[in-house]
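Trainee: I am new to this structure. Could you take me closely through the empty spaces closed off inside it?

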Amino acid sequence: MADLAVIGAGPAGLAAALAAAAQGVTVAVVDSATEAGGQFYRQPASGLRARRPQALHHQWRTWERLRDALPGSGVRILTDHHVWSVERDSDGFTVHALLGPEQHEPVAVHADAVLLATGGYERVLPFPGWTLPGVVTAGGAQAMLKAGLVVPGRKAVVAGTGPLLLPVATGLAAAGVEIAALVEAADPKDLVRHGRALAGKLPEGAGYAARLLRHRVRLLSRHTVVRAHGDERLTGVTVAALDTDGRVRPGTERYVPCDTLAVGHGMLPHTDLAETLGCRLDGMTVAVDDEQRTDVPGVWAAGESTGIGGAGLALAEGHIAGRSIAARLNGTEPDPVQWAAAAKSRTKLRKSAAALDAAYPPPAHWSEQVTDDTVVCRCEEVTAGAVRDAVDELGAGDVRTVKLLTRAGMGWCQGRMCGPAVAGLAGCELTPSRRPFARPVPLGVLARQHHIATEEGTS
Amino acid sequence: MRTPLELADAHPGPAFTVTLDGREIEALPGQTVAAALWAVGVTSWRSTRGEGRPRGVFCGIGVCFDCLVTVNDRPNQRACLVPLHPGDAIRTQEGTGHDG
Ligand SMILES: Cc1cc2nc3c(=O)[nH]c(=O)nc-3n(C[C@H](O)[C@H](O)[C@H](O)COP(=O)(O)OP(=O)(O)OC[C@H]3O[C@@H](n4cnc5c(N)ncnc54)[C@H](O)[C@@H]3O)c2cc1C
Ligand code: FES
């Protein structure tokens with residue numbers, strides 16, 4: 001039992017937990033990972049005994065402040081807890097989790113208030129060959145490097161679009177991987193155009209430029225990967241230049257040999273838990289007010305589940321949420337003056353996040369490169385041709401109908417990987433997919449849950 | 001050339017032995033199945049149900065389920081999440097992993 005259950009031990013969740021605990025709130029932080037830190041501050045497995053984990057990180061001092069504040073704060077961190085659902089009941093909330101890594105043993109955490117700080121995951125748009133071993137998401141390569149101190153190969157192309165590609169390229173390079181090219185679809189001119197709003201981001205950008213130079217990374221902007229080659233594993237990629245409309249310029253294709261492709265096209269928020277709680281979404285993100293409250297009483301959200309904006313924004317939002325929760329649980333009206341500094345940085349960082357988002361759109365005509373035989377749904381092996389048939393011949397007009405007709409999105413990942421691609425190919429907008437659970441749940445656990453619910457209902 | 005272990009100045013405890021389809025490989029304490037397999041140059045350990053295509057890590061954070069593997073006779077474990085222990089038997093997985 002806790003006053004507050006925080007789901008997600010990334011920057012947002014930890015900042016909130018510390019802010020609330022400082023006001024006397026009992027906090028339990030639940031995370032599926034084996035260590036706290038989230039994506040940005042993902043820690044090496046303790047068994048690896050890394051003496052210099054900061055070599056893989058940026059803004060390490062911020063992490064040290066969070067980490068060092070935790071032991072004396074009274075915040076309980078429950079790692080290896082995979083949350084599959086949060087339930088509202090008469091006296092608060094029950095967070096249902098499965099203990100990892102096997103995820104068979106259920107546990108429940110009860111709390112009066114809940115903060116959803118679940119972050120996001122990467123969006124990758126398909127292209128021929130993207131299912132070959134050796135093709136990984138950019139953030140995935142980063143996560144495996146930070147946590148497992150391993151790299152997927154010797155020579156990599158880092159490609160796609162978005163601010164994540166730079167740290168991934170420099171991180172892999174520092175870890176000994178030769179970076180054959182950094183292929184960015186966006187035009188650096190667009191970044192300059194958004195320069196004002198990005199003022200806080202650009203020094204970091206300049207720092208990366210120096211590091212790219214040091215590692216002799218060739219930057220190909222306004223380029224894209226059109227195909228990954230290989231039979232049993234990746235042997236190379238074809239890259240091509242994009243014109244101003246985002247179309248591949250014919251005749252610019254060239255082959256780059258590599259054993260690894262780290263690719264990503266931005267990020268998407270995790271919204272499943274918010275959806276099952278009935279929280280209002282704003283497009284693909286959890287809608288919150290100035291205090292980071294969702295429209296469901298007792299449920300707050302902070303960090304990338306409320307919009308993609310990086311670790312700094314997650315920290316600011318988390319701090320505000322923690323303060324608001326502490327006041328509300330004590331039955332008092334919070335005073336925003338208490339978090340004025342965090343609110344100021346939230347405003348600034350949201351502006352630069354919006355500018356980054358505008359400057360790094362996925363290539364507008366990416367679907368033209370997707371051949372009919374390209375697998376789009378990786379789990380169920382549904383091809384682009386099948387999706388196109390469902391739309392053109394069977395008249396499917398939304399992702400759900402395409403799913404019913406083709407099984408795209410019905411596999412293990414519950415459509416997280418193929419959702420954006422299916423929506424793009426079907427020519428409709430990506431909408432949240434209303435998953436009943438945030439994680440696949442063993443039937444035995446569900447049956448037991450039902451049993452308990454029924455018993456409680458009849459008693 | 002610099003390795004990730006050198007970069008982070010890691011001093012893990014002694015490596016231990018696990019098996020991949022009966023073949024002995026070394027793993028470091030704390031490493032997941034996927035990390036240990038990457039460290040010995042293995043990037044695929046599953047073939048898909050439909051086309052029998054090879055797969056390994058894709059998302060690296062437990063979201064995509066591409067990295068499914070059989071560990072100690074339990075199929076469909078996510079290699080990117082499951083940490084290894086001495087003597088663990090990793091088996092590459094075909095199709096659903098339930099048909100032997
Ligand atoms: C794979 C990946 C790698 C990234 N690498 C970088 C990088 O190198 N540099 C950079 O600037 N940005 C990186 N990012 C962006 C990063 O998301 C943000 O910078 C920042 O970490 C967001 O903070 P957050 O607190 O909102 O969420 P996160 O840091 O993502 O933390 C969310 C936490 O919630 C947990 N969680 C989610 N769902 C559940 C559930 N159902 N049950 C239990 N726990 C759950 C996750 O395990 C995670 O620890 C990466 C993103 C991803 C997806
Ligand atoms: S690589 Fe995606 S779940 Fe393991």
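Mentor: Here is a walk through the cavities, with a stop at a small sheet that shares a residue with one of them.

This is a predicted model. Rolling a probe the size of a water molecule over the atoms shows where empty space is left. The structure holds two cavities of 30 Å³ or more.

Start with the largest cavity. Its space comes to about 150 Å³. Its lining counts 16 residues. Nearest the centre lie Thr224(A), Val225(A), His265(A), Pro363(A) and Trp366(A). Three strands of chain A each give at least two residues to this lining: β9 (155-161), β12 (223-230) and β15 (260-265). By class, ten lining residues are nonpolar and six are polar. None is charged.

Now the second largest cavity. Its volume is about 40 Å³. Residues of chain A and chain B line it. From chain A come Thr131(A), Leu132(A), Pro133(A), Gly134(A), Val135(A) and Arg378(A). From chain B come Arg55(B), Gly56(B), Val57(B), Phe58(B) and Asp66(B). This lining has five nonpolar, three polar and three charged residues.

Follow Arg55(B) from that lining. Arg55(B) sits in β4(B), where it is the bridge partner of Arg46(B). Two bridges join β4(B) to β3 (residues 46-47) of chain B, and the two strands run antiparallel. They belong to an open sheet of three strands, ordered β4-β3-β8 (chain B), with mixed pairing. β4 (54-55) and β8 (93-94) of chain B each have a single partner strand, so one side of each is left without a neighbour in the sheet.

Conventions
Residues numbered from 1 in each chain as written. Chains lettered and ligands numbered in written order. Predicted model: local features only at pLDDT ≥ 70, side-chain atom pairs only at ≥ 80, totals over all residues. Heavy atoms only, no water. Pairing = 2+ DSSP bridges. Helix = DSSP H or I, 4+ residues; strand = E, 2+ residues; numbered from the N terminus. 1 Å grid on protein atoms, 1.4 Å probe; cavity = no way out; pocket = protein on both sides within 12 Å on 5 of 7 lines; lining within 4 Å. Points joined across faces, edges and corners; volume = space filled by probe spheres on them. Nonpolar A, V, L, I, M, F, W, Y, C, P; charged D, E, K, R; others polar.
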